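Ready for a few warm-up exercises? Have a look at the model below, try each task yourself, and then read the solution.

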Amino acid sequence: MIVYAEVECMMYEGHSLKFKRSIIKRLMARLKNDFNVAITELDYHDFWQRTKLGIVTISTNLTHAEQVIQEVLRVIDTFPELERTVTDVERI
């Protein structure tokens with residue numbers, strides 16, 4: 001089973017693309033290492049206060065895949081520099 005999430009986030013404290021990229025890079029590395037998910041920045045590449053991430057996991061068990069995505073979302077919420085605004089989750 002495949003579970004895919006699109007997550008939009010705001011970064012109110014940042015004042016540059018360099019700051020944004022450092023946060024996104026740290027977040028993506030942690031999620032890849034901790035949960036073995038595929039993650040990429042989908043949109044808002046040139047906006048320093050906004051990002052849209054695509055996250056996907058694959059499992060033989062739908063429940064397990066959904067749990068992984070929910071844990072990923074929980075970790076995103078622990079980053080004080082980010083505020084998760086819009087989240088769309090799809091099951092394929």
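Let's begin with one residue. Keep in mind that this is a predicted model.

**Exercise 1. Decide whether Lys20 is buried or exposed.**

Step 1: a residue counts as buried when its relative accessible area is under 20%.
Step 2: Lys20 has a relative accessible area of 0%.
Step 3: that puts Lys20 in the buried class.

**Exercise 2. Find the salt-bridge partner of Lys20, and say which parts of the chain the pair ties together.**

Step 1: look for a carboxyl oxygen within 4 Å of the side-chain nitrogen. Glu41 fits, with N to O at 2.9 Å.
Step 2: place both residues. Lys20 sits in helix 1 (residues 17–35), while Glu41 belongs to strand 2 (residues 38–43), so this salt bridge links parts that are 21 residues apart in sequence.
Step 3: check the cover on the partner. Glu41 is buried too, at a relative accessible area of 15%.

**Exercise 3. Work out what surrounds Thr51.**

Step 1: find the residue in strand 3, which covers residues 50–58.
Step 2: check its accessibility. Thr51 comes out at 0%, so it counts as buried.
Step 3: list its neighbours, leaving aside residues up to four places away in sequence. Thr51 touches nine names you can tick off on the model, among them Val7, Cys9, Met11 and Ile24. Both Lys20 and Glu41 from the previous exercise are on the list as well.
Step 4: pick out the polar contact. The side chains of Thr51 and Glu41 make one at 2.9 Å.

**Exercise 4. Compare two more salt bridges: where do the partners of Glu66 and Glu71 lie?**

Step 1: start with Glu66. Its salt bridge goes to Arg91, and the closest N and O atoms are 2.4 Å apart.
Step 2: map that pair. Glu66 is in helix 2 (residues 62–78) and Arg91 is in strand 4 (residues 83–91), so the bridge ties together parts 25 residues apart in sequence.
Step 3: turn to Glu71. Arg74 is its partner, with the closest N and O atoms 3.1 Å apart.
Step 4: map this pair too. Glu71 and Arg74 both belong to helix 2, three residues apart, or about one turn of the helix.
Step 5: add the accessibility. Glu66 is partly exposed at 25%, and Arg91 is partly exposed at 48%. Glu71 is partly exposed at 33%, as is Arg74 at 43%.
Step 6: put these into the overall tally. The count of salt bridges comes to eight.

**Exercise 5. Describe the whole chain: what order do its elements run in, and what radius of gyration does it have?**

Step 1: count the elements. The protein chain has two helices and four strands.
Step 2: read them off from the N terminus, and you get β-α-β-β-α-β.
Step 3: test the radius of gyration. A compact globule of 92 residues would be near 12 Å, and the chain has 13 Å, which agrees.
Step 4: box it in. Along the principal axes, the C-alpha atoms fill roughly 40 × 20 × 15 Å.
Step 5: see how much is covered. Of the 92 residues, 37% count as buried.
Step 6: look at the contacts with a separation of 6 or more. Residues 24 or more positions apart account for 72% of them.
Step 7: finish with the surface. About 5,500 Å² is exposed, and carbon and sulfur atoms supply 52% of that.

Technical notes. Residues are numbered from 1 along each chain as its sequence is written. This is a predicted model: local features need pLDDT of at least 70, side-chain atom pairs count only at pLDDT 80 or more; totals for chains, interfaces and linings use all residues. Side-chain values use heavy atoms; hydrogens and water are left out. Buried means under 20% relative accessible area, exposed over 50%, partly exposed in between (1.4 Å probe, protein chains only). A polar contact is a pair of N or O atoms within 3.5 Å; within protein, one must be able to donate a hydrogen and the other to accept it, and residues adjacent in sequence count only if both atoms are side-chain atoms. Contact means heavy atoms within 4.5 Å. The radius of gyration is taken over C-alpha atoms; the globule rule is 2.2 Å times the number of residues to the power 0.38. Accessible areas come from the Shrake-Rupley method with a 1.4 Å probe; for residues, only the protein chains shown count as cover.
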